[in-house]
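Got your viewer open? Let's take a walk through this model, one selection at a time.

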Amino acid sequence: MSGEDAPLILTAQLPRDLHARFTALRTAHFPPERNYLEAHVTLFHALPAMCEAEACGVLKRMAAEFAPVPGQVEGLMSLGRGTAIKLSAPAMIDLRGIIADHFHGLLTQQDQQRPRLHVTIQNKVTGKEAKALQAQLAGTIAPAPFAFRGLELFRYRGGPWERVRDFAFRGTAAP
């Protein structure tokens, strides 16, 4: 996939300590032949490549306006054939809604849906393997508050994601 047609992925940046912890879990439990990525929270799966400059402008303005966005680790979440860390963050959903409104008419069907915020730590395994990991990790993922520190834009080329730019929240407004 060339840069001209590679879709853009937008993620919310976890605090460094959670990112490190969840990346370690992902490294330990995600099938290694498919684990190209560190822990991440996907907000949009496929913004059109042609919107890269526009997206960077919108995200830069949002990062300047908004303070770090509060969130909450909720615990484990079953993905059927995988396991994730469930997150709640109404303000991040609101911020995502502002971005979705801006790109109205350009979003894929998947990106038109309200997301369930999570960090995937295991995917594309058998249901039995997923349930075993959930039993193993039961009680180790306690509810805890945190703040998303920014947004990250990536280009998807079929394997590892190519970082386009980070946008650190540095404002004072709440979404």
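First, a word you'll need at every stop: a residue is buried when its relative accessible area is under 20%, exposed when it is over 50%, and partly exposed in between (1.4 Å probe, protein chains only). Helices (H or I, at least four residues) and strands (E, at least two) are DSSP runs, numbered from the N terminus.

You're looking at a predicted model, where local features need pLDDT of at least 70, side-chain atom pairs count only at pLDDT 80 or more, and totals for chains, interfaces and linings use all residues. Residues are numbered from 1 along each chain as its sequence is written, and side-chain values use heavy atoms, with hydrogens and water left out.

**Stop 1: helix α3**

Select residues 90–102, which make up helix α3. The expected span of a helix is 1.5 Å times one less than its number of residues. For the 13 residues of α3 that gives 18 Å, and the end C-alpha atoms are 19 Å apart, which agrees. Now colour the buried residues of α3: Ala91, Met92, Ile93, Leu95, Arg96, Ile99 and Ala100. As you look, remember that an α-helix has 3.6 residues a turn, so residues three or four places apart point the same way.

**Stop 2: Met92 and the core**

Stay on Met92. Which residues does Met92 contact, leaving aside neighbours within four places in sequence? Contact means heavy atoms within 4.5 Å, and the list is Ala12, Leu43, Val69, Leu117, Phe148, Leu151 and Phe169.

A nonpolar core is a set of buried Ala, Val, Leu, Ile, Met, Phe, Trp, Tyr and Cys residues joined through side-chain atoms within 4.5 Å. The largest one here has 45 residues, and Leu87, Met92, Phe148 and Leu151 touch the most other members.

**Stop 3: strand β1 and its partners**

Next, select residues 8–13, strand β1. Six of the six residues of β1 are buried, so the strand is largely enclosed by the rest of the structure. In a regular strand the side chains alternate between the two faces of the sheet. In β1, Leu8, Leu10 and Ala12 are on one side, Ile9, Thr11 and Gln13 are on the other, and all are buried.

Two strands pair if DSSP finds at least two bridges between them. Add β2 (residues 41–47): four bridges join β1 to β2, and the two run antiparallel. Along β2, Leu47 stands opposite Leu8, while Val41 is the bridge partner of Ala12. Five of the seven residues of β2 are buried, so this strand is largely enclosed too.

Then show β7 (residues 150–155), which pairs with β1 in the antiparallel sense over six bridges. Here Thr11 has Glu152 as its bridge partner.

**Stop 4: a pair of rings**

Rings of Phe, Tyr and Trp (its six-membered ring) pair if their centres lie within 6.5 Å; planes under 30 degrees apart count as stacked, over 60 as edge-to-face and the rest as tilted. The structure holds two aromatic pairs. Zoom in on one of them, Phe146 and Phe148: the pair is edge-to-face, 4.9 Å centre to centre with 75° between the planes. Phe146 is buried at 10% relative accessible area, and Phe148 is buried at 0%.

**Stop 5: two cysteines**

How many disulfides does the structure hold? A disulfide is a pair of cysteine sulfur atoms within 2.5 Å, and there are zero. Select Cys51: its nearest cysteine sulfur, in Cys56, is 11 Å away, too far for a bond. Cys51 is buried at 4% relative accessible area, and Cys56 is buried at 13%.

**Last stop: Lys124**

Finish in the loop between β5 (118–122) and α5 (127–137), where you'll find Lys124. Is Lys124 buried or exposed? Exposed, with a relative accessible area of 51%. Phi of Lys124 is near 60°, a positive value in a residue other than glycine.
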